[in-house]
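Subject: The two-chain model, with notes

Hi,

Here is the model I promised to pass on to you. Please open it alongside this email and follow the notes at your own pace.

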Amino acid sequence: MQHRLKSILTLLLLSTSIGAHAGPEEDRSALIEHYRKQLPNIKFEDYVYGALAMNAEAKLQYDEMMEFPPFTLDLRQGEAIWEKPFSNGEKFSSCFKYGGFNAAANYPYFDDTAGRVITFENAINDCLKANKEPEFKYGSREMALVTSYAKNISNNAKINIKVKGPGALAAYDKGKRIYYERRGQLNFNCAGCHVDNAGKFLRNDQLSMLIGAASHWPTYRSGTEAVTMQGRFVQCNTLTRTEPRALNSEDYNNLEYFMTYMSNGLKMQTPVFRK
Amino acid sequence: MAGEIQIRARMTNGDVAEVKVLLTHVMETGSRKDARTNNLIPAHFINQITATLNGKTVLEGQWGTGVSKNPFLGFRVKGAKPGDFIAVSAVDNLGAKFAHDAIII
């Protein structure tokens, strides 16, 4: 495990130091190659199912749940929030290209003017601010509901994250560093489980792969508990006895940027059922 | 919004229809306490549910406090064909009635 991680890091570091163009796309290709060897029976487009792609029985149960999931109700509440006009008569759809359809596939992106990563949740709050409405709290149910619906109208859009320019590259590198950096009481990093040991069992669960992980948030655990991607970072940090960062912190936003880039080319589906 | 019913009904093998019903209801057991006042939240749950196929009763349920919030009910029924009429009606312990129907596709 150590050795595998070292060889991937070496490959990444080497590629960064040798080539002028080494960077995100080379990292992504290296990871695709890694998973192709580690999980030879899983098709690239099925990476979006995570651990469910590793177990046919579990995938069958998931498919049955997804036919008429409990969060159908939450999705309608999210739609109501999305469609409700602001005090000035405008709606959320006015803040996004094509009224929001397929918009979520382009988030997060790096805003050169602002000098930071902008997540989809940031975009929702920017829209509220621009229309003089109170912003939603990160981690609130409102934010989870409206992003559930707003990303649902981007279903099947292929994730298309861009990393262009020095600012974007720096944010990407910071996110990557967080993914590979060991922290906390157990000295774990994300890669140790989700890159090196994807497919292996951790107690009763199989470890999902990094590629595809970012394609389906918010997720509804047991069909009813809404969890956003950064909410999941907090859960995972807590489970590995690492101090979680704050929602919408620069660290989590950069991490989301890096992880979503790694899911480029895969189709989004939001929301989804997980156990 | 309480008691809103959504139904999806489709044919599976032969003459068997698969019906999935999602109801909106708090399904309070009567055993939970309000966090602020420390008083028991009164029981409020669906205790009767009936499903009919083309007007004929095919399922009758007496539910209790074991059924959780926003219940999901799924069942298969023989002798159905596309275009048939599934109706679901429910009554809760406070006497409120809810009903909805759907066409089998």
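Below are my notes, going from chain A to the contact between the chains and then to chain B.

Please keep in mind that this is a predicted model.

**Chain A as a whole**

In chain A there are 10 helices and 7 strands. Its radius of gyration is 19 Å, close to the 19 Å that the globule rule gives for 275 residues, so chain A is as compact as a globular protein of that length. If you like to think in box dimensions, its C-alpha atoms fill roughly 60 × 45 × 35 Å along the principal axes. Of the 275 residues in chain A, 35% are buried. Looking at contacts in chain A with a separation of 6 or more, 72% are between residues 24 or more positions apart.

**Two domains in chain A**

The domain assignment splits chain A into domain 1, made of 2-68 + 178-274, and domain 2, covering 72-152. Their C-alpha centres are 24 Å apart. Where the two domains of chain A touch, 17 residues come from domain 1 and 17 residues from domain 2. On the domain 1 side, helix α10 of chain A (residues 250-261) gives the largest share, with 6 residues. By type, that domain 1 side consists of 8 nonpolar, 7 polar and 2 charged residues.

**A small sheet in chain A**

Chain A also has an open sheet of 3 strands, in the order β6-β5-β7 and with mixed pairing. Strands β6 (225-227) and β7 (272-274) of chain A are at the edges with a single partner strand each, so one side of each has no neighbour in the sheet. On average, neighbouring strands here are turned by 35° against each other, direction ignored. Strand β5 (residues 219-221) of chain A runs antiparallel to β6(A), and 3 bridges join them. To find this pair on screen, look for A:Y220, which stands opposite A:A226 in β6(A).

**Where the chains meet**

How many residues does each chain bring to the contact between chain A and chain B? Chain B brings 7 residues and chain A brings 5 residues. On the chain B side, β1 (5-11) and β2 (17-23) each supply at least two residues. That side of chain B divides into 2 nonpolar, 3 polar and 2 charged residues.

**A hairpin in chain B**

Strands β6 (residues 85-92) and β7 (residues 97-103) of chain B run antiparallel and are joined by 7 bridges. Together β6(B) and β7(B) make a hairpin with 4 residues between them. In the turn, B:G95 has a positive phi of about 90°. Across this pair of strands, B:V88 stands opposite B:H100 in β7(B).

**One residue to click on: B:M11**

B:M11 is in strand β1 of chain B. Is B:M11 buried or partly exposed? With 15 C-beta neighbours inside 10 Å, B:M11 counts as partly exposed, because a residue needs 20 or more to be buried. Setting aside neighbours within four places in sequence, B:M11 is in contact with B:A17, B:A80, B:P82 and B:I104. B:M11 and B:I105 are 94 residues apart along the chain, while their C-alpha atoms are separated by 6.3 Å.

That is everything I have for now. Happy browsing!

Best wishes

Terms used. Residues numbered from 1 in each chain as written. Chains lettered and ligands numbered in written order. Predicted model: local features only at pLDDT ≥ 70, side-chain atom pairs only at ≥ 80, totals over all residues. Pairing = 2+ DSSP bridges. Nonpolar A, V, L, I, M, F, W, Y, C, P; charged D, E, K, R; others polar. Axes fitted to C-alpha atoms, helices over the stretch in contact; angles between N-to-C directions. Rg over C-alpha atoms; globule rule 2.2 N^0.38 Å. Buried ≥ 20, exposed ≤ 12 C-beta atoms within 10 Å, placed from the backbone. Domains from an automatic or database assignment.
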